Amino acid sequence: MLRRCYIRFHLILMLSILFGCVAPQAALALSLQAGDGLKSARSLGGTLAIMADPTGTLTIDDVATGGSDIQFTPIPAMLAQGYRKGALWVRFSLSAPADIDRWLVQIERPLLEQVTLYVPDGKGHYLASPPGRVNPSGGDGVDAYPTIFPIYVPPVEATYYVRLQSATSMTTALNVWQSRGYAEYRRLDDWIMAMMVGAVIVMIFTNLLYAVWLRDSLYVVYVGLLVVSSLISLFHMGYASEVLRFWDPPTIHRSWGIIVCLYSIIMMFFLDRLFEFRRNWIWAARFSQLVIVLNAGALLYAIAGHYGDVGFFVSRLQQISLVFISGFVLHLLFVRRQYQYILSAIAFLGVVGVLLVMQLMYTGANPLGLDGSLSRLLAGGTVIHLILLSAAVAKRTQLAERQLSEEKDRTIALAHSAEQELILKVSERTAALSQSNASLQAEIGRRQLLEQKLRQSLGSVNDALARQRDFVAMVSHEFRGPLAVIGAAADNLSLSLSDATEQVRQRVSRIRQTVRKMSTLIENVLTGELLSTGSGPLAQSATVNLTQVLREACSNLDEESAARVSVLGEEDVRVTGDGNLLEIAVLNLIQNALKYSPASSPVTVRLSVDQGAARVDVTDRGTGIALRDRDLIFNRYYRATNQQVAGCGLGLYIAREIARQHGGDVLLAASDANGSTFSLSLPGAGAPEVAEGSAEPATTTG
């Protein structure tokens, strides 16, 4: 029984607690005292109730009458509702002593674009209370963020409403001041802001000097960070209207989102350079680049006046970035022991906590249950943070100078060592060069001596060749006379012995053949010598009739050989050249064909014109030329292997040289077991002239 009562008691207690947490609670009214709002603000935290108006269409009459759909929810501390669409209504109740009737309601974070305070008029209605000056000493003008409202608080409890609407985060604290206390509060803010601005100006000039002196762009980036950080503190502490008085309030409202995005971009870029992400961990560098790109996209939205659409995203991105970089910096210090970053880490991590808490509050969370703005803490932390960062940058400068000095000393030592090594190598190369020069001089002497000997040898060879040519000419001249006599005697003998026996006629014919062979050999030797020295070709250049040349060549053959030769083809084909040399060339080709053909086989000589060139084809019925000999038969004194026919190997050589000196050539056109064809080609052939009354080309048979 006791056990059941115990269980029931605890169950009822738990349900009561749960109902108390779920059920809406009425906000408590705040009773102000005479000393409130003089030395410090009296917070309205714990007395506030809120209601969301997503459409932003509700009026004060709709809210004050309290219909069934008007439900206010109490909040335990300051207002942290993040980025909301539409409007947000705040309700609180106040009472005050009768002798103090003038109070100030402060919206502590002055970044809300539309703030309207509604006060009771004593007749059951509510009127909009005009805002006062944020800075009492600021004089006349319009504040961009009107967040100070003078109100009358009666001795009895009175309810007030505040309508908030903004593209920025609806995160703020509501406080109550007396005029004298708020003036002191703003005076202290003026001192804090003046010290911060002065420190920032000094640091800006110092870092600009560093940038010029060290030529390091990091200091220029840090100057940009100083400027943007100062602007953020100006906005948080309510000095935006005074500093940016040349802008109208809508422009100042839009500039807040631009400044926040610029701060995220410059801060990430600066930390990337300061902690050397790329050198220490490439993925940290890539993460920073991604964050910069995303913030750049948000910056475009802010410039277009739509920061409210991306504000939540920017705050979340800042939170992720701060957590990531904090972890990376701690990893550098405690895992990788990179103690050169310790001062930079202290400067960075010192303000990370405040920034994280503020960013959480901007997104609608208040995990620490704070009941006041962090504006002063942020401003002071910013100054300390910037001073420590300046010290870190100066330390970096000192390290850079030390490294530069060490590098300079190392460079000088290396240069001195290189100079000594260079001197040694120059000495070695000089000695080697001297030795090479001596060897070269000796080689030049040997070459000159060898050249002299070669010149002497060449002179001897030239003299021997000259004597050889003279000897050949002399021998040829001496042979020609006796051969001519022998030939004439043989001719006379053949004429006088008409009735001689067959044996005698054969012997006379053999004498005449031998004389012709000897005359041809002497002529070839002389022609070969003239062609080899280059002194004899084209001695008599004129228009030559190749048909006549062929006839003359055939007339130099004996009767038996001439009977075997058939001349076919065109007539009156003309070329330009030396007729005697061309006759020798053609005669050599014909004699070569006769020599290497069977005694009874015919030799065909065909004259033609092919594409403007004269062509003489000499075809025999021999056994053909072996493949290994076809590239060599035109060489001087070369004779094909396994040949039993007598000869000196000059015929084809002389024929080709004469043809080439006339601009033509002699080629082996065809060769097989049935015979060979040698082709003589000469340029500049004239059109064949056909004899009058003849329709067909003439055919000549020798």
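Is Cys554 buried or exposed? Cys554 counts as buried, at 10% relative accessibility. Welcome to this structure, which is a predicted model. A search of the whole structure turns up 15 salt bridges and zero disulfides. The points below walk through some of these salt bridges, two cysteines and a nonpolar patch on the surface.

**Salt bridges around Asp665**

- A good place to begin is Asp665, whose side chain meets that of Arg656 in a salt bridge, at 3.4 Å from N to O.
- Asp665 also forms a salt bridge with Arg660, and here the closest N and O atoms are 3.2 Å apart.
- Asp665 itself counts as buried, because its relative accessibility is 18% and the cut-off for buried is under 20%.
- Arg656 is likewise classed as buried, with a relative accessibility of 15%.
- Arg660, on the other hand, is partly exposed, at 42% relative accessibility.

**The pair Arg279 and Glu276**

- Next, have a look at Arg279 and Glu276, whose side chains come together in a salt bridge with an N to O distance of 2.9 Å.
- Arg279 has a relative accessible area of 53%, so this residue counts as exposed, a class that starts over 50%.
- Its partner Glu276 counts as partly exposed, with 26% relative accessibility.

**A network of three residues**

- Salt bridges can also be followed through Glu443, Arg446 and Arg447, which they link into a network.

**Cysteines**

- How many disulfides does a search of the whole structure find? The number is zero.
- Cys261 is buried, and its relative accessible area is 0%.
- Cys554, the residue from the opening question, is buried too, with its relative accessibility at 10%.

**A nonpolar patch on the surface**

- Which residues make the nonpolar surface patch of about 350 Å²? They are Val197, Ile201, Phe205 and Leu208.
- To find the patch in the structure, you can start from Ile201, which lies in helix 3, the helix that covers residues 179–214.
- Ile201 is partly exposed, with a relative accessibility of 42%. That value fits with a place in the patch, because patches are made of residues with over 30% relative accessible area.

Definitions and conventions: Residues are numbered from 1 along each chain as its sequence is written. This is a predicted model: local features need pLDDT of at least 70, side-chain atom pairs count only at pLDDT 80 or more; totals for chains, interfaces and linings use all residues. Side-chain values use heavy atoms; hydrogens and water are left out. A salt bridge is a side-chain nitrogen of Lys or Arg within 4 Å of a carboxyl oxygen of Asp or Glu. Buried means under 20% relative accessible area, exposed over 50%, partly exposed in between (1.4 Å probe, protein chains only). A disulfide is a pair of cysteine sulfur atoms within 2.5 Å. Patches are made of residues with over 30% relative accessible area and no salt bridge: like charges are joined within 9 Å, nonpolar side chains (Val, Leu, Ile, Met, Phe, Trp, Tyr) within 5 Å. Accessible areas come from the Shrake-Rupley method with a 1.4 Å probe; for residues, only the protein chains shown count as cover. Helices (H or I, at least four residues) and strands (E, at least two) are DSSP runs, numbered from the N terminus.
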